[in-house]
Amino acid sequence: MPGTTYVVEVNPQLPARLARLEELANDLSYSWNRATRALFSRLHPALWLAVGHNPKAFLKRVDQKRLEAAARDPAFLGSVNRVLSTYDTYQDVSNRPDGQHLQKDDVVAYFCAEFGFHESLPIYSGGLGILAGDHCKAASDLALPFIGVGLLYRQGYFNQKLDADGRQHASYTDADFADLPVTRLTHPDGSERRVFVDLPGRTVQARVWEALAGRVRLLLLDTFVPENNEHDREITHRLYGGDRHARLEQEIMLGVGGVRALEALGIKPTVWHINEGHAAFLILERIRGLCQQGLPFAVALEAVAANVCFTTHTPVPAGHDHFSEEEIVHHFEQWCREVGATPEQLLALGETPGEREFNMTTLAIVGSRQQNGVSRIHGTVSSRICAHHWPQIEPIENPMDHVTNGVHVPTFVATEWHETFDRHLGIGWEQRQTDAGFWDKVKTIPDATFWSIRQILKEQLLHLVCYRLSRQHVRNQGSPSRLDRMLRLADPEKPNVLTIGFARRFATYKRATLLFHDLGRLERIIANDERPVLFLFAGKAHPADVPGQELIRRIAEVSRLPQFEGRILMLEDYDLQLSRRLVAGVDVWLNNPVYPLEASGTSGMKAGMNGVLNLSVLDGWWDEGYNYTSEVANGWGIKPASDRLDEARRDAEEANDLYDLLEQEVIPTYYRTGAAGFSPEWVAMSKHAIATITPYFNVTRMVGEYAQRFYAPASRQGRHYAAHDFAVARAVADWKARVREAWSGVQLRRVDTPPPRMMFGETIRIEVMVRLNGLSPTDIAVEVMLGRPASTNYTPPRGACVALQPVDGQEDGEQRYALDLTPEHCGKIEYRLRAYPAHPSLTHRFEMGMMLWL
């Protein structure tokens, strides 16, 4: 039509009685508070769905008459008052739970490239972001002094569409920040708060936004400001977008800009947590700040590292971010001048042996004193991957620790379980998440009630599956008859079909198509109309990951084969809404990664808490969670094949194990129904899954571990190093320089005669002479490490060591160390002697990575 089109958005006015709905809409605690979300849904269910469950967008669009009617409705007002009462009680920090281990004035700053709270704030791509969101939620629940720092992307992760052949098509949508639960921070005069970050030849500005998540604040930076050039406006445009140069500038903005945002707001963290290496440039910025206060570079590094914690999530060296040395020097030339460091000193902070690139994981380790992986296996793998940082220390003893991941129970346990737990476990069960004995009460829920809940959750899932697949099928111009065949087992009216889910990022190591290793055998197992099986697949492959996209195409191809039609379904656009339905609604959660490449995984935890049985390779968290020694198991474990096998034989071995479990255990157990119409054995396993997985694999336990084992010690070390004008940091830096200079000349020799045998109760005198090469006797610890001979298959426990003491002064530059040892056990005892640098102010006794064995 002719003429100019003008657009105006008319927003409703909240009646006075509903005014605080706006406050609720701007606090991400709605992402784990079902009663809050129910208020908005109740006002206008169709609109609530249309805005993607986004309360802020909802309040901008809801009809004024509905609001006015709700303000006159006593029942609705009663619900509002109950929600607000709960909200106000939660926000009261005087209700802080005990045992958080931190001091009153502590602040933990948690840096991450993505945060996944809810679909209404799309600044996440997958597991790392969801974990970061859950970490913040638990910090809020525990009332920890905690603040998150990240980037506000105009485009989050991509939307996925699959064509008729299963080819993935990625599309991006710009978010309207006015619809997001974020607030732009301003100065008292109303001007925007901004931070300024120097990049080569220019200064980039970033707005500072704030999101609230209960008691936790989240600061987010946004470079889309008029003063920046077009290139710099795009730095925070897309999550993980662009080439490596764009990635570098994003990570500089996160690390450097994040530190400056905290400074601009007057926030002084006592603990800094780097969640994956993307934010490691915060170390350089903190060093710069201390050097500008007059500290030498080496002293500033010690002072900074003392209170930095670093969590790595990557199980392979190639997964760590790295940049060319030339780019790093180019971007940090000014930094070198400001801190008085040479380019070589800068590059040494990110140097990895054998590589000529700057590694962000290396920077994070060099600039921290607390490091951890995210499961027991991953901690061991990471200690090996990162062993070059502590070259003379055995990986089992180096500083790399682990904290197994968890998930936020109130977010991911389905509403129906909340209500059931209230009735059978008691109101307040959320406060007893880590009490294993308490969760045994799940087994008292009547089997019929329990099974009914499981079927209701499956019905809800199948409704969503039918809706999404119908929409996908119609868009791809598929025939109605084929759609009927596709959905014949996904019938919400008949949810008694064994349903197995596989949903995650489609990286090749996750082996989404391992199930198809032998299609003939798979057909014999699942193509049985008396015991039907439905497989649901979902997940995105990175737009640049062609092999990952090929896995999706292969699933679509197999799903079209006549023998598998309707038995294998591939759902597009895997998101948080679909994830919540899948982990609650399927019967079995399938996961078959290449061992040991699953750092942790959390989707299986969410499934287990909803009574879903895991069928997984014993990798990541499932190696710890699988309860096979119990009389009733909580799922099934696929044993990893020998690492001596080649890739093809390994896949064949593990695929056969998967088929055996499906054929001999999973399917028969599900369909071994009793008079009640369900399998009592299956229900018992499902209850056991909830009872064993929930109390340990929750994020409350996880964050509590971080607080006790990492945050509190880091806070103490940070204060200790900074006290009295950084006296300890100066002393440690000087001491380390002396030790590094002298260490190559330190030598050990034994001067006593070791007896081949002795009687129980006798004492052996062990004496070692140490050439100190200018060091003092207290600079070196000498110890005997005790154990049994390896032939007995006995592994000595960590810490089975006894120190030798310096005696008699020095002789010709050598110091005598001695120990009178009285063995406590009979039989053959194996012992070895070693020495390493020792200082009372080190965070970890082996942090220098130096060790001499006699």
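**Backbone geometry, sheet order and nonpolar cores**

Arginine 511 is placed in the loop between strand 15 (498-503) and helix 22 (519-526). In this predicted model, arginine 511 has a phi near 50°, a positive value in a residue other than glycine. With a relative accessibility of 6%, below the 20% limit, arginine 511 counts as buried. Aspartate 725, which lies in helix 29, likewise has a positive phi, near 55°, in a residue other than glycine; aspartate 725, however, is exposed, with a relative accessible area of 53%. These values may be set against the general expectation that most residues other than glycine have a negative phi and that most peptide bonds are trans. A cis peptide bond is found between tyrosine 595 and proline 596, where omega is about 0°, and proline 596 is located in the loop between strand 18 (588-591) and helix 25 (603-609).

An open sheet is formed by seven strands in the order 21-22-25-24-23-26-27, and the pairing is antiparallel. Its edges are strand 21 (747-750) and strand 27 (852-853), each of which pairs on one side only. Within this sheet, strand 25 (residues 814-821) has seven of its eight residues buried, so that strand 25 is largely enclosed by the rest of the structure. Strand 22 (residues 764-771) runs antiparallel to strand 25 and is joined to strand 25 by eight bridges; in this pairing, alanine 818 of strand 25 is the bridge partner of glutamate 767. Strand 24 (residues 801-811) is also antiparallel to strand 25, with five bridges between the two, and proline 806 stands opposite tyrosine 817 in strand 25. The hairpin of strand 24 and strand 25 has two residues between the strands, and in this hairpin aspartate 812 adopts a positive phi near 55°.

The loop between helix 29 and strand 21 contains tryptophan 743, which counts as buried at 6% relative accessibility. Although tryptophan 743 and leucine 852 are 109 residues apart along the chain, their C-alpha atoms are separated by 9.3 Å. When neighbours within four places in sequence are left aside, tryptophan 743 is in contact with Gln392, Ile780, Ala835, Tyr836, Pro837, Met850, Met851 and Leu852. With glutamine 392, the side chain of tryptophan 743 also makes a polar contact of 3.2 Å.

The largest nonpolar core comprises 150 residues, of which Phe111, Phe281, Ile287, Trp335, Tyr711 and Ile780 touch the most other members. Helix 29 (residues 699-742) supplies the largest share of this core, 18 residues. A second core, separate from the largest one, contains 97 residues and includes Phe450, Val533, Val612 and Met685. The surroundings of tryptophan 335, not counting residues up to four places away in sequence, consist of contacts with Leu284, Glu285, Ile287, Arg288, Phe297, Ala341, Leu346 and Leu349. Ile287 thus appears both among the contacts of tryptophan 335 and among the residues that touch the most other members of the largest core.

Helix 9 (residues 244-264) was examined for its length, its bending and its ends. At 1.5 Å a residue, its 21 residues should span 30 Å, and the C-alpha atoms at its ends are 29 Å apart, which agrees with that expectation. A kink of about 30°, centred on glycine 257, is nevertheless present in helix 9. Helix 9 is mostly covered, with 15 of its 21 residues buried. At the start of helix 9, a side-chain oxygen of aspartate 243 reaches to within 3.2 Å of the backbone nitrogen of histidine 245, whereas just after helix 9, glycine 266 takes a positive phi of about 75°.

Definitions and conventions:
Residues numbered from 1 in each chain as written. Predicted model: local features only at pLDDT ≥ 70, side-chain atom pairs only at ≥ 80, totals over all residues. Heavy atoms only, no water. Buried < 20%, exposed > 50% of the residue type's maximum accessible area, 1.4 Å probe, protein only. Helix = DSSP H or I, 4+ residues; strand = E, 2+ residues; numbered from the N terminus. Pairing = 2+ DSSP bridges. Expected span 1.5 Å × (residues − 1). Bend = angle between axes of the 7 residues up to and from the residue. Polar contact = N/O pair within 3.5 Å; in protein donor to acceptor, adjacent residues only side chain to side chain. Core = buried A, V, L, I, M, F, W, Y, C linked by side-chain atoms within 4.5 Å. Contact = heavy atoms within 4.5 Å.
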